[in-house]
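Me: I would like to go through this model and ask what stands behind each label.

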Amino acid sequence: MKRILLALGLAAALVAAAQSPAPMQNPSSPGLSNNLRGAGAIDAEPKTPLMPKTVNDDKRPMRNYAMQPPIIPHQIDNYQVDRNFNKCLSCHARERIADSQAPMVSVTHFLDRNGVVKDKISTRRYFCTQCHVPQADVRPPVGSTLQDSATVEASLAKGAKK
Ligand code: HEC
Ligand code: HEC
C-alpha cells in the first residue's frame with residue numbers, strides 16, 4: 001500500500017504545476033524536503049493520506065511535444081486490460097468509435113516493428129497504460145519546471161539572437 005501511495009505521489013509530482021507549496025522540513029534530516037511523507041520524525045509512522053481523486057473532466061490538456069502520449073482525461077478504475085480482454089479498445093478501437101465517440105487510437109498504434117501498418121492493434125501498443133496515464137487531483141508536493149517544446153525552442157532562439 002505504501003508503495004502504491006508513493007507511486008501515486010510521484011505521478012502527482014509529474015503533473016505540471018505552476019505553483020508548489022514551500023518544501024516541508026524533515027525534523028530528522030534538516031534541509032531535506034519532506035512533502036511526500038509529511039512532517040514527523042523519520043522513525044514515527046505518519047498518518048496515511050486519503051487516496052486522491054482521479055481527474056475525470058474529459059478535457060484534453062495540451063501535449064508538451066508532438067510524440068507525447070496524451071494523458072487519459074477520464075477514470076479507468078476497474079478497466080480490465082490483459083491477454084483476454086482490453087476494455088480500452090472497447091471504446092478506442094477503429095471498429096468501436098462510431099458508437100463510443102471516443103478518439104480512435106492513431107495510426108502509430110497499428111505499426112508492427114517493421115513499420116508496416118496492420119489492420120489489428122499492434123502488440124507493441126496493446127497495454128495502453130504503459131504509455132497513457134490518468135492524472136490525480138492533487139497539489140504536487142514537488143514543483144515541476146517542465147516547459148513544452150515550443151517554449152524551449154522560443155527561449156533558445158531568443159538566446160541565440162543576443
Ligand atoms: C466507455 C468508453 C471508453 C473507455 C472504456 C475508455 N475510454 Fe478513453 N476516452 C473515451 C472518450 C469518450 C474520450 C474523449 C474524452 C472524454 O470524453 O473523456 C477518451 C479519451 C481518452 C484519451 C485522450 C485522447 C486525446 O487525444 O487526448 C486517452 C489517452 C484515452 N482515452 C485512453 C484510454 C485508455 C488507456 C483506456 C483504458 C484503460 C480508455 N481510454 C478507456 C472513452 C473511453
Ligand atoms: C508504446 C506507447 C503507447 C501505447 C502502449 C499506447 N499508446 Fe496511445 N499513443 C501513444 C503516443 C506516443 C501517442 C501520440 C502520438 C501518436 O499518435 O502516435 C498516442 C496517441 C493516442 C491517442 C490519441 C490519438 C489521436 O489521434 O489523437 C489515443 C486515443 C490513444 N493513444 C489510445 C491508446 C489506447 C486505447 C491504447 C491501448 C490499446 C494505447 N493508446 C497504447 C503511445 C502509446
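**Labels and their grounds**

Reply: This is a predicted model. By class, eleven nonpolar, seven polar and three charged residues make up the shell around ligand 1.

Me: What makes a residue count as part of the shell around ligand 1?

Reply: Its C-beta atom, placed from the backbone, has to lie within 6 Å of the ligand. Around ligand 1 there are 21 residues, and Pro70, Cys88, Cys91, Ala102 and Cys128 come nearest. Helix 2 (residues 89–92) gives the largest share of this shell, three residues.

Me: Why is Ser90 called partly exposed?

Reply: Ser90 has 15 other C-beta atoms within 10 Å. Buried requires 20 or more, and exposed requires 12 or fewer. The count of 15 falls in between, so Ser90 is partly exposed. Ser90 is placed in helix 2. Its C-alpha atom is separated by 8.3 Å from that of Ser100, ten residues apart along the chain.

Me: Which residues come nearest to ligand 2, and how is its shell divided by class?

Reply: Pro69, Ser106, Thr108, Cys128 and Cys131 come nearest, out of 20 residues around ligand 2. The shell has twelve nonpolar, seven polar and one charged residues. Cys counts as nonpolar, whereas Ser and Thr count as polar.

Me: How do you know what the order of elements in the protein is?

Reply: The secondary structure comes to four helices and zero strands, and the elements run α-α-α-α from the N terminus on.

Me: What share of the protein counts as buried?

Reply: Of the 162 residues, 4% count as buried; the cut-off is 20 or more other C-beta atoms within 10 Å.

Terms used
Residues numbered from 1 in each chain as written. Chains lettered and ligands numbered in written order. Predicted model: local features only at pLDDT ≥ 70, side-chain atom pairs only at ≥ 80, totals over all residues. Helix = DSSP H or I, 4+ residues; strand = E, 2+ residues; numbered from the N terminus.
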